[in-house]
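Thanks for coming, everyone. I'll put the sequence and the structure up, and then walk through them piece by piece.

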Amino acid sequence: MGVARVREQLPDYAKDIRLNLGSVTSQSQLNTQQLWGTVLAAAIASRGATVRAELEAEALEHLSPEAATAARTAAALMAMNNVYYRTLHLLEDKEYSRLRAGLRMNAIANPGVDKIDFELWSLAVSAVNGCGMCLTAHEHELRERGVSREVIQDAIRVASVVHAAAVTIEAHEQVPATA
């Protein structure tokens with residue numbers, strides 16, 4: 001189950017992803033909650049049903065119910081925020097950035113876990129979703145709280161590998177058996 005099962009499902013052409021998934025989940029500067037919350041949030045953001053199911057099952061073995069809820073909350077809020085803020089960044093008319101967003105984000109103020117953990121999970125989802133404004137905001141918040149660049153990089157590495165696994169397995173599952 002979990003990481004081992006995902007690694008087994010990766011095709012031979014994705015050997016590097018298989019190896020990287022083993023590495024990022026076993027050799028990390030993130031503590032256990034940070035690591036598995038990042039895995040869960042990134043798996044949700046990656047939208048691959050197989051990877052999400054497998055990695056969520058393993059993540060739940062390492063996370064408290066509160067931490068699992070917070071990781072899911074980070075994925076949900078960033079799904080909204082990443083689209084909104086990425087769009088503001090891409091629009092030529094910068095007046096949109098001056099308008100009040102009017103979007104509820106109360107969970108960011110009180111996520112139910114350490115704020116650093118929630119920020120790492122939000123950063124990871126923002127990396128998957130490609131929102132530069134959100135990445136900058138979360139990285140700045142983490143650095144202000146004393147988090148090292150190496151820890152931030154680890155969260156981004158986890159997100160990138162989980163995303164690659166989800167994309168690869170999803171595409172591989174859709175290939176006809178004769179291909």
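Let me start with a question: which residue caps the N-terminal end of α7? The answer is aspartate 114. One of its side-chain oxygens sits 2.7 Å from the backbone nitrogen of isoleucine 116. Keep in mind that this is a predicted model.

Stay with α7 for a moment. The helix covers residues 115-129, which makes 15 residues. From first C-alpha to last it reaches 21 Å, close to the expected 21 Å. How many of its residues are buried? The count is 13 of 15, so α7 is mostly covered. After the helix comes glycine 130, with a positive phi near 70°.

Now step back to the whole protein. It has 9 helices and 0 strands. Along the sequence, the pattern reads α-α-α-α-α-α-α-α-α. The radius of gyration is 17 Å, close to the 16 Å that the globule rule gives for 179 residues, so the protein is as compact as a globular protein of that length. Along its principal axes, the C-alpha trace spans about 55 × 35 × 25 Å.

Some totals next. Of the 179 residues, 44% are buried. The protein exposes about 9300 Å². Carbon and sulfur atoms supply 51% of that area. Then the contacts: take those between residues at least 6 apart in sequence, and 72% of them join residues at least 24 apart.

One note from the records. UniProt, in an unreviewed entry, lists residues 95-167 as "domain: Carboxymuconolactone decarboxylase-like". In the model, that stretch is 70% helix and 0% strand. Its end C-alpha atoms are 36 Å apart.

On to helix α2, residues 15-26. Its 12 residues should span 16 Å at 1.5 Å a residue, and its end C-alpha atoms are 17 Å apart, which agrees. Which residues of α2 are buried? They are Ile17, Arg18, Leu21, Gly22, Val24 and Thr25. And what do these buried residues pack against? They pack against α1, α3 and α9.

There is an arginine in that list, so let's look at it. Arginine 18 is in helix α2. Why does arginine 18 count as buried? Its relative accessible area is 19%, and the cut-off for buried is under 20%. Where does its side chain go? The side chain of arginine 18 reaches the backbone oxygen of leucine 10, at 2.7 Å. Leaving out residues up to four places away in sequence, arginine 18 touches Arg7, Leu10, Pro11 and Asp12.

Next, α3. This helix covers residues 32-46. Its 15 residues should span 21 Å, and the end C-alpha atoms are 21 Å apart, so the two agree. At the start of α3, a side-chain oxygen of asparagine 31 comes to within 3.1 Å of the backbone nitrogen of glutamine 33.

Is α3 mostly covered or mostly open? Mostly covered: 12 of its 15 residues are buried. Among them are Leu35, Trp36, Val39 and Leu40. The list also includes Gln34, Thr38 and Ser46. These buried residues pack against α1, α2, α4, α5, α7 and α9. So α7, where we began, is one of the partners.

Just after α3 sits arginine 47. It lies in the loop between α3 and α4. Its phi is positive, about 65°, although it is not a glycine. For background, most residues other than glycine have a negative phi. Is arginine 47 buried or exposed? Exposed, with a relative accessibility of 67%. Set that beside arginine 18, which is buried at 19%.

Last stop, valine 147. This residue is in the loop between α8 and α9. Is valine 147 buried or exposed? At 7% relative accessibility, valine 147 counts as buried. What does it touch, leaving out residues up to four places away in sequence? Valine 147 touches Ile116, Leu142 and Ile152. Ile116 came up earlier: its backbone nitrogen is the one that aspartate 114 caps. As for distance along the chain, valine 147 and glycine 102 are 45 residues apart, and their C-alpha atoms are separated by 30 Å.

That's the tour. Happy to take questions.

Terms used:
Residues numbered from 1 in each chain as written. Predicted model: local features only at pLDDT ≥ 70, side-chain atom pairs only at ≥ 80, totals over all residues. Heavy atoms only, no water. Helix = DSSP H or I, 4+ residues; strand = E, 2+ residues; numbered from the N terminus. Expected span 1.5 Å × (residues − 1). Buried < 20%, exposed > 50% of the residue type's maximum accessible area, 1.4 Å probe, protein only. Polar contact = N/O pair within 3.5 Å; in protein donor to acceptor, adjacent residues only side chain to side chain. Rg over C-alpha atoms; globule rule 2.2 N^0.38 Å. Contact = heavy atoms within 4.5 Å. Areas by Shrake-Rupley, 256 points an atom, 1.4 Å probe, with all protein chains shown as cover. UniProt positions renumbered as here; feature names shortened; annotations may be inferred.
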